[in-house]
Amino acid sequence: MPSPSSLFSAYASMTASIMLFRSMANDIIPYPIRNYLVSSLGYLFKPRSRLLTLVMEESNGMVRNQVYDASEVYLCTKISPDTERLKVSKTPREKHLTIRLEKGEKIFDLFEGVELKWRFVCAEAEKGNNPNDQVVGRAEKRSFELSFDKKYKGLVLGSYVPFVLEKAKAIRDQQRILKMYTLSTQGYMGMMWDSINLEHPATFETLAMDPKLKKDVMEDLDRFVKRKGFYKKVGKAWKRGYLLYGPPGTGKSSLVAAMANHLKFDVYDLQLVNIMADYDLRRLLLSTGNRSILVIEDIDCSIDLPDRRHAPDGRKQPEQHVQLTLSGLLNFIDGLWSSCGDERIIVFTTNHKDRLDPALLRPGRMDMHIHMSYCNPQGFKLLASNYLGIHGYHHLFGEIEGLLQDTEVSPAQVAEELMKSEDPDIALGGLVKLLKRKKLEGDGPVDKDGKTVGIREVKRQKVETKGKPVRMSRRKVWDSTNFEHPATFETLAMDPELKNAVMEDLNRFISRKEFYKKVGRAWKRGYLLYGPPGTSKSSLVAAMANYLKFDVYDLQLISIAVSIFQVGNSQQPADKPINLKKEVQLTLSGLLNFIDGLWSSCGDERIIIFTTNHKDRLDPALLRPGRMDMYIHMSYCNPQGFKLLASNYLGIHGYHHLFGEIEGLLQDTEVSPAQVAEELMMSEDPDVALSGLVKLLKWKKLEGDDANAFDIQDVKRQKAVVQFNPATDLPIKLLGNVNFAAWKAQLVMLLNGRQLIGHLDGSISAPPTAISRNRKEIPNPKYQIWFSQDQFIQQAMMASVDITTAPTVATAATAQKAWELLHSFYANMTEKKKSSELEIVIH
């Protein structure tokens, strides 16, 4: 047996030989060949594994790996109780927690009987060999490893991975935060889309519309999104058009929001009035995303498309000034440009379908026409269920359903009435009163002919009288200061019952967040404060802000543009082209959309307040429930308000010997709380201050009586009403376009001679029908004079035309209207005749 010393000598000799061989190999054999030999030997002697591992790295060069992103989303649904570590995060804009795997964690999945093992791997990123490389990479390299038996390679790559991709897409769609886009003027490219989260709570379950129609719409939407292959097979762009039409307040905007929430589609709100050229429309279309709804609201009031290629004098515009055309819009809807993008929906809304160009309505453009009607019994029952929790029978249902058959009331009006109380008996009782009142009085504005017209018609008439659309400057930024107004409800000199009603309404509003979400309404409320100057409208706003602890945003429309409620005096033609890079138009439709359209849902717990001294001058479209939900009349000072002011300003909490006289004077005098407060501030001595107030009230009463007398004398001094004898004053009888010029000349000369031509050209306009005196509405004598004179002129015109034309004059509301009808008809016929005669001469 060898000795230990000999064994040690042999080991030392062998080690030295190996080191010498290694040194010679490193010097003689190049590194790549040496590395290849080592790896080959390792492969030969390595035990064979039955597992195959797929590595899904976070990125592939500069592009993110879609398989990695899908795996990350998918594996969050496979977390088991055995998982030990998870990452949890949430951004301010996200509604739910985001859960991700921590590094090293493993997840086991089962697919068609095959077991698959996932592992999340984080490793330090490799540093580049180039010392001059200045690119700083991620601190760690992240990837997912998927291990499985090799024999299932085909199943995993062919079925499982595509399944993970599809499943992740469905999860993202379910968790997707919808966006609503509008046009912005910022940037070097002119008009561009800007977005905000779409949080409108409307769903098909909350919509008060006909159940069958609702089901048809949902089935149509579901059929559309599932038929990508079908659209490709038949050669059609994958898009669909819907026309929503019906009276105001019938839920058209809510239906758009319900469609977006049902499909998880973004919404693009396109205001055509801000687009002047076909090129801009095409560029905006290309910048919209797939899976989206493009909405054009109030298409009938947006622009007059057929006239946009002509200048104010009727001549064709130069080519460089060509504006948005009907042809361009049609091409955008279903022409070549409509195919630029997939899975898109186009929605038009209008209150008057009959006013739209038939070219817009054919199938392929507007594929489905959806009539949003007034509230019917089925819609009412759904509203009663959503708003009051009544799922069965109520003793007032029969009466309400009978009234709904004979009354035109919108779902918005019914909903507003149901929101006034949480007690079903009180709320339904109020609805019965509303329906009875509407049945007796009617519920529509009245035109000049005495006929009931829709709100949109009134709006159109007002817009037509205003001429030029107003302009809006570039986007402005809010600036703030501390709000320190001391007004509270305790200090407001207003009717106690009205004050309590306002406070109760505010309390009910802020405590019903979940209720608004349940019924599918934006959590906002509108108040209209109206009344004479000095009646504390601004103080009420401050009291509301202090009561609710809300910030106040003071929006001056005049700082954006000329106020839309004011008639502009610009001489620029209404259809003059506008450079969109410099100006954008502010429209009434845009304001209404901000109040209760899709944009009203952008934000929670908001109050919108309009103040005005003249409620009767506001467009009826602004006043309906859902826009202005509560009207608050701020009146002149009454005895209750005076006593509160006396308590606040003079510390009088009981009786004073001048109270009786003051209260009597207040009954017959129009004086604002501001004027009373100013007088009470003149002295700290109650006797002196109240005596001064007595003098003020007596002077006001005397001034009012004098003004009344002055008005009566002024009317008496006016010249007497001029009457006519048509046989002698208008001997030429209108027989049609053959003698219209001669008939027109005699009428103009007659009225010029009597100084009454203003009744035809509008320079002598109608005075108000009533005036206020001592808190009472009385007929205006000046209007009676004007109306009598206008009737005599109209009667003379009717007597001087033939029997076929007389009805046109007779049915006109005023002499001016009759004149315009005759002039537009016969003057155009005369021009056409001259044109035909000229054409014959040329030929």
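These legends accompany four close-up views of a predicted model.

**View 1. Helices α23 and α24 pack against each other at an angle of about 135 degrees.** Here we look at helix α23, residues 639-650, beside helix α24, residues 659-667. Their axes lie 9 Å apart. Angles over 145 degrees would count as roughly antiparallel and 65 to 115 as roughly perpendicular, so α23 and α24 are oblique to each other. The crossing in which α23 passes α24 is right-handed. On the α23 side, the contact is made by Pro639, Phe642, Lys643 and Ala646. Helix α24 contributes Phe659, Ile662, Glu663, Leu666 and Gln667. Sorted by character, the residues of this contact comprise 6 nonpolar, 1 polar and 2 charged.

**View 2. Phenylalanine 642 and phenylalanine 659 form an edge-to-face pair.** Staying with the same two helices, we now turn to a pair of rings. The ring centres of phenylalanine 642 and phenylalanine 659 are 5.1 Å apart and the planes meet at 75 degrees; planes over 60 degrees apart count as edge-to-face, so this pair belongs to that class. Phenylalanine 642 sits in helix α23 and phenylalanine 659 in helix α24, so the pair links distant parts of the chain, 17 residues apart. Are these two rings buried or exposed? Phenylalanine 642 has a relative accessible area of 0% and is therefore buried. Phenylalanine 659, at 5% relative accessibility, counts as buried too, because the cut-off is under 20%.

**View 3. Tryptophan 118 and phenylalanine 144 pair edge-to-face between two strands.** This pair is one of 24 aromatic pairs counted in the model. The ring centres of tryptophan 118 and phenylalanine 144 are 6.2 Å apart, and their planes stand at 85 degrees, so the arrangement is edge-to-face. Tryptophan 118 belongs to strand β7, residues 114-124, and phenylalanine 144 to strand β8, residues 140-149. The two residues are 26 residues apart, and their pairing links distant parts of the chain. Both tryptophan 118 and phenylalanine 144 are buried. They also take part in one aromatic cluster, formed by Tyr68, Tyr74, Phe111, Trp118, Phe120, Phe144, Tyr160 and Phe163.

**View 4. Aspartate 149 is a buried residue of strand β8.** How is aspartate 149 placed, buried or exposed? Its relative accessible area is 18%, and a residue under 20% counts as buried, so aspartate 149 is buried. Leaving aside residues up to four places away in sequence, aspartate 149 touches Arg50 and Leu51.

Definitions and conventions:
Residues are numbered from 1 along each chain as its sequence is written. This is a predicted model: local features need pLDDT of at least 70, side-chain atom pairs count only at pLDDT 80 or more; totals for chains, interfaces and linings use all residues. Side-chain values use heavy atoms; hydrogens and water are left out. Axes are lines fitted to C-alpha atoms, for helices over the stretch in contact, and angles run from 0 to 180 degrees between N-to-C directions. Helices (H or I, at least four residues) and strands (E, at least two) are DSSP runs, numbered from the N terminus. Angles under 35 degrees count as roughly parallel, over 145 as roughly antiparallel, 65 to 115 as roughly perpendicular and the rest as oblique. A crossing is left-handed if the near helix is turned anticlockwise from the far one by less than a right angle, and right-handed if clockwise. Contact means heavy atoms within 4.5 Å. Ala, Val, Leu, Ile, Met, Phe, Trp, Tyr, Cys and Pro count as nonpolar, Asp, Glu, Lys and Arg as charged, and the others, Gly among them, as polar. Rings of Phe, Tyr and Trp (its six-membered ring) pair if their centres lie within 6.5 Å; planes under 30 degrees apart count as stacked, over 60 as edge-to-face and the rest as tilted. Buried means under 20% relative accessible area, exposed over 50%, partly exposed in between (1.4 Å probe, protein chains only).
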